[in-house]
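Let's take a walk through this protein together, with the sequence and the 3D view side by side. Keep both open as you read.

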Amino acid sequence: MNQQLNFPKDFWWGSAWSAEQAEGRGDTGKAETVWEHWFKEEPNRFYNRISSEVTTDHFNRYQEDVQLMKQTGHNSFRLSISWARMFPDGGVGTVNPKAITFYRKLMTEMNENGIKPFVNLYHFDMPFLLQEKGGWESREVVDAYVRFATTCFEEFGDLVYHWFTFNEPLGPILGSYLEGFHYPGIVDFKRGAQAAFHTILAHALAIEAFKKQGYSSKIGVILNLSPTYPRSQNPADIEAAEIVDALYTRSFLDPMVKGTFPTKLVELLKEYHQMPEFEEQDLVIIKENTAQILGLNYYEPRRVKARLTGINPNGPFLPEWFYENYDMPGKRMNVYRGWEIYEKGIYDLCLDIRDNYGNIEAFISENGMGVADEERFMDETGQVIDEYRIDYIKDHLAYVHKAIQEGCQIKGYHLWTFIDCWSWINTYKNRYGLVSLDLATQKRTIKKSGEFYQKMSQDNGFDYDVSKLV
Ligand code: BGP
């Protein structure tokens, strides 16, 4: 049963990426980031040993790229500002006039072409010298971040549509302190909890600084939120799901949006002696400075079950002490990335925000499908015919549409990503873009999905078989 799904007026159609993943070094001067440093130390950690030196060379090609945004239907786009570029002496010291010029030119170009700049301040790219000082474990780094944020508000405030303090703050905690996919790849929950607390404090302090300047734009945060589903209604499965939900979802969502920490999480950390150190005043700052807008990154759900086996009490404390991942029979997979595709999860997430977070103004800030070896799908003209991506986008958006009809305040949809970009340890393995990138020549070619995206944005909707919705 096909039906035209129309989205609200002024819906934000766009996509996102980040400085480290797309800009390339450029010639402004830039401090070394943790990614650049890690690549020097351990190139074997990076797929096909590709560094972030060049990436998509957006620094040199931003004008062409803004035209491509236009051609693919963008009315908004999220970039991040490189802290290391803004403060080339290692994230501190003197602000870099050349960096200011670059970002002002880029955002002016965007605005002149009808593309609203959504600007994120921190997307995994810690200047290495600050990491040496302890990274987010250190209060000195929190202070340096607030200075970086304040400088950005002052320098770019007239050009930015909406601001974001962090992208997926959970990512660096899991990556750096538990699972080894971010530098320095240690295993230490308590230090991770300290870094997480300081991230939350840095978010609140940046919002406090922002509010003092009286801009008409809003400031918020981008969180990766996966609904957690228990294997069954067995109480042990439900308990496992509740702990996972507290650790991975509410841990940042509650303090950054509501200003409070979930009781279940605090009790758990106390019981296992994993509480971070903080001052009473920090809690007041966190309470009083919460997000004004929320970005939702959704890729896959979390499915969990009660542990079958005991834990090794001599091993490090880990979230896995409380659950095992549940490999649900029949689930649909994006086999390249190893992530489940479950469209209805995006709807469940939106309803959670409507019902438990005061229906704060929100948008889908990332969602997308990374596919390896996309040359397989190129036609004779060199265009990638990515029907799977078009289906992926429609299937998720149909659920976003349903959520909006049921009262969720979802203001837009940003795909991950615009032009194929560099993806951390996976480098260029999986391609996510609406536009393909030839790594050898930097040639950009709009994919079939890019053409679809343009039409969808122009029509402010698309035709869909609504009988697929459950
Ligand atoms: C998100 C990040 C992005 C991007 C995306 C795709 O978690 O915010 O930076 O990388 O995931 O994931 P990946 O690059 O790991 O395939």
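Start with a charged pair of side chains: Glu-361 makes a polar contact of 3.2 Å with the side chain of Lys-411. Keep in mind as you look that this is a predicted model. Glu-361 also has a second lysine partner, since its side chain and that of Lys-218 are joined by a polar contact of 2.5 Å. To find Glu-361 in the sequence, look in the loop that runs between helix H13 (344-356) and strand S13 (362-366). Is Glu-361 buried or exposed? Its relative accessible area is 10%, and because anything under 20% counts as buried, Glu-361 is buried. Beyond its neighbours within four places in sequence, Glu-361 is in contact with Trp-12, Lys-218, Gln-292, Ile-293, Leu-294, Gln-409 and Lys-411.

One of those contacts, Ile-293, leads us to the nonpolar interior. Ile-293 belongs to a separate core of 6 residues, which also includes Phe-118, Ile-222 and Phe-363. The largest nonpolar core has 149 residues, and the members that touch the most others are Ile-81, Trp-83, Trp-136, Tyr-145 and Trp-163. Which helix gives the most to this largest core? That is helix H9 (residues 189-212), with 14 residues. Tyr-145 shows how such a member is surrounded: setting aside sequence neighbours within four places, Tyr-145 is in contact with Trp-83, Leu-121, Tyr-122, Trp-136, Thr-165, Phe-166, Ala-202 and Ala-206.

Now follow H9 itself from one end to the other. Just ahead of the helix, Asp-188 caps the N-terminal end, with a side-chain oxygen 3.2 Å from the backbone nitrogen of Lys-190. H9 has 24 residues and spans 35 Å from its first C-alpha to its last, close to the 34 Å expected at 1.5 Å a residue. Most of H9 is covered, with 19 of its 24 residues buried. After the helix comes Gly-214, which has a positive phi near 65 degrees.

Asn-289 is another buried loop residue to visit, and it brings us back to Lys-211. Asn-289 sits between helix H12 (280-288) and strand S8 (293-297), and its relative accessible area is 4%. The side chain of Asn-289 makes a polar contact of 3.0 Å with the side chain of Lys-211, and also reaches the backbone oxygen of Ile-285 at 2.9 Å. Leaving out residues up to four places away in sequence, Asn-289 touches His-203, Ala-204, Ile-207, Glu-208 and Lys-211.

A third loop holds Lys-30, between helix H1 (19-22) and helix H2 (34-41). Lys-30 counts as buried, at 11% relative accessibility. The side chains of Lys-30 and Glu-20 are joined by a polar contact of 3.3 Å. Among the other residues in contact with Lys-30 are Arg-25, Glu-36, Ser-82 and Pro-88.

Finally, turn to the ligand. What residues are around the ligand? They are Gln-21, His-123, Asn-167, Glu-168, Tyr-299, Arg-337, Trp-339, Glu-366, Trp-416, Ser-423, Trp-424 and Tyr-432. Polar side-chain atoms come up to oxygen atoms of the ligand at several points: Glu-168 at 2.5 Å, Arg-337 at 2.7 Å and Trp-424 at 3.0 Å. Taken alone, the ligand exposes 370 Å², and the protein buries 92% of that.

Notes: Residues numbered from 1 in each chain as written. Predicted model: local features only at pLDDT ≥ 70, side-chain atom pairs only at ≥ 80, totals over all residues. Heavy atoms only, no water. Core = buried A, V, L, I, M, F, W, Y, C linked by side-chain atoms within 4.5 Å. Buried < 20%, exposed > 50% of the residue type's maximum accessible area, 1.4 Å probe, protein only. Helix = DSSP H or I, 4+ residues; strand = E, 2+ residues; numbered from the N terminus. Contact = heavy atoms within 4.5 Å. Expected span 1.5 Å × (residues − 1). Polar contact = N/O pair within 3.5 Å; in protein donor to acceptor, adjacent residues only side chain to side chain. Near = heavy atom within 4 Å. Areas by Shrake-Rupley, 256 points an atom, 1.4 Å probe, with all protein chains shown as cover.
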